[in-house]
Amino acid sequence: MLVLLLLAAAVGYAVMFMPKADEAGTGGAGGAERTGAAGQVNPAPDASSEPRPDDGSPPASGNSPSGSASGGTETQSGGLPGGFTLRKDAEGFRIAVADGWDRAPKNGRGQVVYTHAGFELIVVPGRDSAARYGSDPMVYQREKEGELQPYRDSSWATASGLRTIQVGGRTSAEGQFTWTGGDGRELFVRNVALLLDGRYHVVQVRGPEAERDEVTRLFEQASASYRYPG
């Protein structure tokens with residue numbers, strides 16, 4: 001009986017005063033092992049991770065409107081860059097025009113002209129027929145198109161980048177031209193003649209020869225966006 005009491009006392013002493021197994025070797029609250037464990041179990045969130053749907057970030061889709069609260073213009077098409085608006089013209093066509101440009105009513109030559117600061121966007125919606133002028137847009141552009149008559153009449157003129165394009169049933173001819181205007185200015189001109197349903201449509205941008213990049217920027221938006229539903 002005495003032996004059993006001594007054993008019970010020894011076990012009680014061990015339970016009360018011996019260190020716990022999960023406290024051994026921790027090195028205290030600032031020990032290296034604890035720091036390492038924390039870094040593995042609870043890693044800090046990656047700053048480059050995708051935003052959660054509920055964190056207030058804008059969606060990553062391309063459907064958000066362009067422009068800004070400081071006065072940027074919202075376009076009717078998400079595919080247009082800032083500074084352009086897709087206009088639905090009274091003459092039945094749609095085209096991307098730089099913001100702030102002025103439109104003149106259709107003139108006696110069948111042209112709708114948008115102008116701004118020495119630049120012109122000339123649109124001819126179906127004035128000439130293939131029955132009269134032939135069905136080759138390149139021949140029409142180089143020899144018959146009225147908007148390029150100044151090129152043909154000029155004593156100093158060049159043509160480059162001439163090409164015929166066929167996309168989805170649409171055939172067009174495109175080119176780059178330079179000539180001296182009536183006021184003595186050297187002009188750089190980008191032109192496309194499209195044959196749609198037996199009629200020719202012209203999109204042309206004119207500007208100073210020294211502003212070739214700007215003429216090209218304006219022309220690319222206008223020609224790529226031109227539609228004539230009829």
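Which residue is the bridge partner of I122 in strand 9? The legends below get to that, working from a predicted model.

**View 1. Strand 5 meets strand 9.** The partner is Q204, which sits in strand 9 as the bridge mate of I122. Strand 5 and strand 9 (residues 199–208) run antiparallel and are joined by 8 bridges.

**View 2. Strand 5 is mostly tucked away.** Take strand 5, residues 119–129: 9 of its 11 residues are buried, so the rest of the structure largely encloses this strand. Buried here means under 20% relative accessible area.

**View 3. The hairpin of strand 4 and strand 5.** Strand 4 (residues 112–116) pairs with strand 5 in the antiparallel sense, over 5 bridges. Look for Y114 standing opposite L121 of strand 5. The hairpin has 2 residues between the strands, and A117 takes a positive phi near 50° there.

**View 4. Strand 3 beside strand 4.** These two strands run antiparallel, with 3 bridges joining them. D102 stands opposite T115 in strand 4.

**View 5. The whole sheet.** Pull back and you get an open sheet of 7 strands with antiparallel pairing, in the order 3-4-5-9-8-7-6. Strand 3 (102–104) and strand 6 (157–167) are the edge strands, each pairing on one side only. Neighbouring strands of this sheet are turned by 15° against each other on average, direction ignored.

**View 6. Helix 4 across the sheet strands.** Helix 4, residues 137–144, lies across strand 5, strand 6, strand 7 (170–180), strand 8 (186–196) and strand 9. The helix runs at about 20° to strand 7.

Technical notes. Residues numbered from 1 in each chain as written. Predicted model: local features only at pLDDT ≥ 70, side-chain atom pairs only at ≥ 80, totals over all residues. Heavy atoms only, no water. Buried < 20%, exposed > 50% of the residue type's maximum accessible area, 1.4 Å probe, protein only. Helix = DSSP H or I, 4+ residues; strand = E, 2+ residues; numbered from the N terminus. Pairing = 2+ DSSP bridges. Axes fitted to C-alpha atoms, helices over the stretch in contact; angles between N-to-C directions. Contact = heavy atoms within 4.5 Å.
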